[in-house]
Amino acid sequence: MRAEIEKRVSELETEYRDGQRMLADLEAKQADLQQTVLRISGALQVLNELLAAENASQAGDADPTPPGAASQPADA
């Protein structure tokens with residue numbers, strides 16, 4: 001009986017160490033994935049800001065008011 005218990009203890013200790021190793025690997029992968037998602041989020045923000053600036057620039061280029069018309073006084 002004692003030999004069976006010792007064998008089971010040994011098996012469980014091995015499973016425990018394997019589980020701890022797998023958990024550490026998963027935590028490392030999670031940290032890497034969080035960093036990747038953070039970098040992607042930053043890149044998306046920058047690109048969206050560039051698109052917004054370009055759209056604003058194009059909207060300014062399509063302004064129907066002739067250059068200098070807005071700077072002339074209305075009384076003149």
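Arg-21 and Asp-18 stand three residues apart in helix H1, so about one helical turn separates the two. In this predicted model, Arg-21 forms a salt bridge with Asp-18. The closest N and O atoms of the pair are 3.0 Å apart. That spacing falls within the 4 Å allowed between a side-chain nitrogen of Lys or Arg and a carboxyl oxygen of Asp or Glu, so the contact counts as a salt bridge. Both partners are partly exposed. Arg-21 has a relative accessible area of 48%. For Asp-18 the value is 32%.

The count of salt bridges comes to three. Another of them joins Arg-8 to Glu-11. Here the closest N and O atoms are 3.3 Å apart. Arg-8 and Glu-11 both belong to helix H1. Three residues, or about one turn of the helix, lie between their positions. Arg-8 is partly exposed, at 41% relative accessible area. Glu-11 also counts as partly exposed, at 32% relative accessibility.

A further salt bridge links Arg-2 with Glu-6. Its closest N and O atoms are 3.1 Å apart. Both residues lie in helix H1. They are four residues apart, again about one turn of the helix. The two ends of this pair fall into separate accessibility classes. Arg-2 reaches 65% relative accessibility and therefore counts as exposed, the cut-off being over 50%. Glu-6, at 44%, counts as partly exposed.

The same helix also carries part of a nonpolar surface patch. Met-1, Ile-5 and Val-9 make up this patch, which covers about 330 Å². Val-9 lies in helix H1, which spans residues 2–61. Its relative accessible area is 40%, so Val-9 is partly exposed. Patch residues need over 30% relative accessible area, and Val-9 passes that cut-off because its value is 40%.

The overall architecture is simply stated. The protein chain has one helix and zero strands. The salt bridges described above, Arg-2 with Glu-6, Arg-8 with Glu-11 and Arg-21 with Asp-18, thus have both partners in helix H1. Burial was assessed over the full chain. Of its 76 residues, 0% count as buried. A buried residue would have under 20% relative accessible area. The protein chain exposes about 7100 Å². Carbon and sulfur atoms supply 59% of that exposed area.

Technical notes: Residues are numbered from 1 along each chain as its sequence is written. This is a predicted model: local features need pLDDT of at least 70, side-chain atom pairs count only at pLDDT 80 or more; totals for chains, interfaces and linings use all residues. Side-chain values use heavy atoms; hydrogens and water are left out. Buried means under 20% relative accessible area, exposed over 50%, partly exposed in between (1.4 Å probe, protein chains only). Accessible areas come from the Shrake-Rupley method with a 1.4 Å probe; for residues, only the protein chains shown count as cover. Patches are made of residues with over 30% relative accessible area and no salt bridge: like charges are joined within 9 Å, nonpolar side chains (Val, Leu, Ile, Met, Phe, Trp, Tyr) within 5 Å.
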